[in-house]
Amino acid sequence: MMAGSSKRFVIIGGGPGGTTCATHAARLGAQVVLIERDIVGGAAHLLDCIPSKAMIATGGMMSNMHDAHEMGLAAVEAKLDFEALKGRISDIETRLEKSVSSQLASQGVTIVEGTGELVGPNRVRATKPDGTFEEFDADVIVLSTGSRPRIPDWAPIDGERVLTTRHAYPPPELPKHLIVVGSGVTGVEFVHMFSSFGSEVTLVVSRQHVLPQKDPEVAAALEQTFVDRGVNLLKGARAETISVDGDRVSVHCDDGRIAVGSHVLLAIGSIPNSDSLNLEAAGVESKWGYVQVDHNCLSNVPGIYACGDLSGRLPLSSVASTQGRKIAEHAMGLHAGPHRHIDYDKAASAIFTEPEIADVGLAEADAFAEGRKIRVTKVPFSVSAKALINNDPRGFVKIVTDPLTGVVLGGSIVGRHAAELISVLALAVTAGLTVTDLVESLFVHPALAEVLGEAAE
Ligand SMILES: Cc1cc2nc3c(=O)[nH]c(=O)nc-3n(C[C@H](O)[C@H](O)[C@H](O)COP(=O)(O)OP(=O)(O)OC[C@H]3O[C@@H](n4cnc5c(N)ncnc54)[C@H](O)[C@@H]3O)c2cc1C
């Protein structure tokens, strides 16, 4: 019998964090109950992350068709079929939810529809939609309830004209003129998405450039494409109030400027779903609503773990599911072996704009800020035969290495398929590979990945 095989797991929240933990724990021999109140697969994951990428893919195909004449095709005019797009999104959501549910079922995980809360350090209550409740004893409790959009008190969210990300996939109607408030990752993806559908877009940028957390050169490359596409950038403006007058929406900024459009969308961050968890019942410590966890995702209470957005680490699906898997291993006693802690600094992430943006590991700007010696090499995609074949030579690959050892420390990619290509650098960063390893890899020709080898030279 495997170590800890009789352990009872109760997991609250069925997003990538909770479901990955559930399947792994069940595979390792645990009895698992998963409580989910909304959608198995995760509200942020299935209702935000996935549909946003589906809409972006549709917009990308429209742009490709628009440029078809440059590929030697007769002009093609793509017209958005908004109802068909809604159907496509709902189909993807349904298929993914079914696939996750059947994986859980095949591992013997019991799914309970309801809202979970702690009633003690070893007991959880699930309140069902009909108001009845059931309680479960647990050896291991995993809190994975995710997050929801942050709504400031000055924003009269109505789901019709004033939207959060939750109303936008797809929105009730295609905005004629969308004002996006927030120029982080989610905000710029919205700008890209709706401008590719033909909406006029205004972006309210509180700083002097978009993507304040990213490499300035990368952010500048994206900003230029926005300018080229006619996006209105309202820089250095902080939204203070929103007013709605019939079909006109106005965003009033702190410097007196007013942006007027048909819809406004708020993309100003998220807050953790911890308010209904009754953390106090078990004495679980939290800060600003995020459960405080150690490198094993364990809270201050033995046997109670937290993962995903609720853990306050990187809010990414990939991170949530990796944490979920690690929790299952740790709680089942497998951490004594070659168990590696998650190194959040090595998580790859992408922004699905056009061009795509992806990065991993140490950023050039951070290295300079720390006074750390690095070597930076940059090669544009315009040198790549494949980029010319694709009719898209925009962007570049930048690799950050240790000048003494040649170890790859990080990198950024701007350009087509950046989100796929970054995986090569992510592997290099995680495995401690050197530039020589990249240079000596026999990449396919012609392929965009060849530029990685060139940047490593
Ligand atoms: C617009 C947008 C785009 C994104 N794009 C990407 C992307 O491209 N790539 C990426 O990696 N990440 C992306 N993310 C982030 C990603 O979606 C989240 O980091 C990820 O879903 C977090 O997983 P989770 O398991 O913590 O939470 P979730 O996926 O939100 O799952 C938590 C679940 O818990 C349930 N729940 C909450 N409270 C209770 C309760 N008391 N009882 C029972 N159930 C409860 C919720 O209904 C939900 O289903 C995006 C997020 C947004 C908002």
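Me: Which residue follows helix 1, and what is the sign of its phi?

Reply: Helices are DSSP runs of H or I with at least four residues, strands are runs of E with at least two, and both are numbered from the N terminus. In this structure, glycine 29 follows helix 1, with a positive phi near 105°. This is a predicted model, in which local features need pLDDT of at least 70 and side-chain atom pairs count only at pLDDT 80 or more, whereas totals for chains, interfaces and linings use all residues. Residue numbers start from 1 along each chain as its sequence is written.

Me: What span should helix 1 have, and how far apart are its end C-alpha atoms?

Reply: The expected span of a helix is 1.5 Å times one less than its number of residues. For the 12 residues of helix 1 this gives 16 Å, and the end C-alpha atoms are 16 Å apart, which agrees.

Me: How many residues of helix 1 are buried?

Reply: A residue counts as buried if 20 or more other C-beta atoms lie within 10 Å of its own, as exposed if there are 12 or fewer, and as partly exposed in between, with C-beta atoms placed from the backbone. In helix 1, 11 of the 12 residues are buried, so the helix is mostly covered. Among them are Pro16, Cys21, His24 and Ala26.

Me: What do the buried residues of helix 1 pack against?

Reply: Two residues are in contact if their C-beta atoms, placed from the backbone, lie within 7 Å. The partners of the buried residues of helix 1 are strand 1 (8-12), strand 2, helix 2, helix 3 (82-106), strand 7 (140-143) and helix 6. Proline 16, which is located in helix 1, serves as an example. Proline 16 has 29 other C-beta atoms within 10 Å and is buried. Leaving aside residues up to four places away in sequence, proline 16 touches Gly42, His45, Gly308, Ser317, Ala320, Ser321 and Gly324.

Me: Which residues come nearest to the ligand?

Reply: A residue is near a molecule if its C-beta atom, placed from the backbone, lies within 6 Å of it. There are 38 residues around the ligand, and Gly13, Gly15, Gly42, Gly146 and Gly308 come nearest. Helix 1 (16-27), strand 2 (31-36), helix 2 (43-66), strand 4 (115-120) and helix 6 (317-331) each provide at least two residues of this shell. Helix 2 gives the most, with 7 residues.

Me: How many residues of the shell fall into each class?

Reply: Ala, Val, Leu, Ile, Met, Phe, Trp, Tyr, Cys and Pro count as nonpolar, Asp, Glu, Lys and Arg as charged, and the others, Gly among them, as polar. The shell around the ligand holds 12 nonpolar, 20 polar and 6 charged residues.

Me: Which residues of helix 5 are buried, and why do they lie on the same side?

Reply: Helix 5 (residues 216-228) has 13 residues and reaches 18 Å between its first and last C-alpha, close to the 18 Å expected. Its buried residues are Val218, Ala219, Leu222, Glu223 and Phe226. They cover an arc of only 135° around the axis, which puts them on the same side of helix 5; the arc is that of the directions from the helix axis to the C-beta atoms. The face turned away from the buried side carries the exposed residues Gln224, Val227 and Asp228. The cover over the buried residues of helix 5 includes helix 4 (185-196), strand 12 (232-235), strand 22 (357-361) and strand 25 (408-414). After helix 5 comes glycine 230, with a positive phi near 85°.

Me: Where does leucine 211 lie, and is it buried or exposed?

Reply: Leucine 211 lies in the loop between strand 11 (200-205) and helix 5. Although leucine 211 is not a glycine, its phi is positive, about 50°. Leucine 211 counts as buried, with 22 C-beta neighbours inside 10 Å. Histidine 417, in the loop between strand 25 and helix 9 (418-431), has a positive phi near 60° and is likewise a residue other than glycine.

Me: Which residues does the cis peptide bond with omega near -5° join?

Reply: That cis bond runs from tyrosine 169 to proline 170. Proline 170 is in the loop between strand 9 (162-164) and strand 10 (177-181). Glutamate 354 and proline 355 are also joined by a cis peptide bond, with omega about 5°.
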